[in-house]
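Biologist: Got a minute to go through this one with me? Let's put it on screen.
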Amino acid sequence: MSSPLVIGIDFRPALSRATGVGRYFQGLVSGLVSVDGENHYVLFSSSLKERPRVESRPPNFELVDRRFPVRALNAAWHRVGFPPLDWVTGRSIDVAHSPTPLLLPSVRGRSVVTICDLFFLDHPEATSREIRRDYASLIRSHVRRADAVLAISETTASDVMRRLDVSPERLFIVHAGVDEGFLNRSEENFEGERPYLLMVATEDPRKNVTTLLEALARLKERGFDGSLKIAGSPGLDTPRILDRIENLGLAGMVERLGYVESSELPNLYRGARCLVAPSLWEGFGLPLLEAMASGTPAVASEIPVHREVAGDAALYYPPEDPSALAQAIERVWLDEALRGQLIDGGVRRASRFSWAASARKALAMYRSLV
């Protein structure tokens with residue numbers, strides 16, 4: 001029997017107000033907890049201001065917390081490849097798994113980088129300052145040196161092979177899964193609340209909130225009786241969103257909830273009449289999967305990864321067509337037969353995705369490297 005591996009994971013994106021990549025690594029680690037009692041996992045945390053929440057995990061999962069400034073450490077890792085993860089954790093690492101496309105330095109450990117999508121290559125202006133500065137200029141050299149590249153969808157994997165010249169032997173597809181909280185569909189009482197559409201996304205340009213607002217304005221003109229709840233932190237598109245809400249006269253119909261904790265999301269999905277996923281570009285589309293698991297019908301933009309996740313269990317429309325979006329929402333809102341079809345298909349579809357299955361794929365990748 002082979003010796004246990006020491007697998008180091010940069011867990012920082014999963015520690016505070018986690019969104020896309022952070023929630024992916026929360027789920028992946030929860031899956032690894034359920035399937036791997038043999039290997040040792042070092043979950044690395046670092047911040048000057050914030051301390052990680054203590055969670056109950058088996059003894060082979062260790063959280064190592066340091067008080068290093070996040071930006072300074074990222075700059076050193078991205079640009080210099082120093083200090084190695086082994087040094088900052090005090091552990092001898094066999095596999096160093098980065099949650100970004102850029103390498104996590106290690107003394108002798110094999111390296112895994114994670115690619116959610118390549119949006120930043122085409123639209124750097126719609127990304128954060130650090131991503132604009134580092135990702136586009138460094139990704140090719142880092143991916144070339146990585147022992148393995150993890151893509152979170154087949155759509156992303158295809159883009160990575162085509163644009164970054166990564167061979168299939170080094171490329172591993174590990175989908176996101178569904179947290180158990182979304183599967184336990186308890187009977188909640190939402191009587192008396194105005195029926196609502198739900199969008200779960202940070203207010204960034206690629207999430208395409210403004211097209212949804214344009215569609216909502218068209219629905220309002222036709223006597224639509226619902227509202228829209230947006231669950232997500234403010235982002236680069238927030239000023240434009242606020243301006244559009246005011247100019248379209250939607251202030252009484254739109255509720256911006258800000259960041260919503262993962263524990264509160266299941267009830268928010270279950271209370272919604274319909275989820276809308278209008279993104280122009282996604283690496284996976286976790287809200288679509290969570291809505292299906294929650295028994296909430298979904299309207300989604302016609303982009304490849306949404307088809308990959310939802311198949312025929314969502315109603316699609318052209319991403320930048322507010323009139324088509326309004327019509328799709330109206331159909332799901334009013335047509336009970338269609339709603340039942342989408343709900344049943346969504347529950348079946350969501351059952352294909354589990355964090356345990358994703359964790360087994362990641363574990364097979366780790367083992368193949370050493």
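Modeller: Sure, one term up front: buried means under 20% relative accessible area, exposed over 50%, and partly exposed in between (1.4 Å probe, protein chains only). This is a predicted model, where local features need pLDDT of at least 70, side-chain atom pairs count only at pLDDT 80 or more, and totals for chains, interfaces and linings use all residues. Residues are numbered from 1 along each chain as its sequence is written, and side-chain values use heavy atoms, with hydrogens and water left out.

Biologist: How many salt bridges does the structure hold?
Modeller: There are 23, taking a salt bridge as a side-chain nitrogen of Lys or Arg within 4 Å of a carboxyl oxygen of Asp or Glu.

Biologist: What does Asp-94 pair with?
Modeller: Arg-108, with 3.2 Å between the closest N and O atoms.

Biologist: And is Arg-108 buried or exposed?
Modeller: Arg-108 counts as exposed at 54% relative accessibility, while Asp-94 counts as buried at 13%.

Biologist: OK, which residue does Arg-79 meet in a salt bridge?
Modeller: Asp-134, at 2.8 Å, N to O. Asp-134 sits in helix α5 (residues 129-145) and Arg-79 in helix α2, so the pair ties together parts 55 residues apart in sequence. Helices here are DSSP runs (H or I, at least four residues), and strands are too (E, at least two), numbered from the N terminus.

Biologist: How covered are those two side chains?
Modeller: Asp-134 is buried, with a relative accessible area of 0%; Arg-79 is partly exposed, at 47%.
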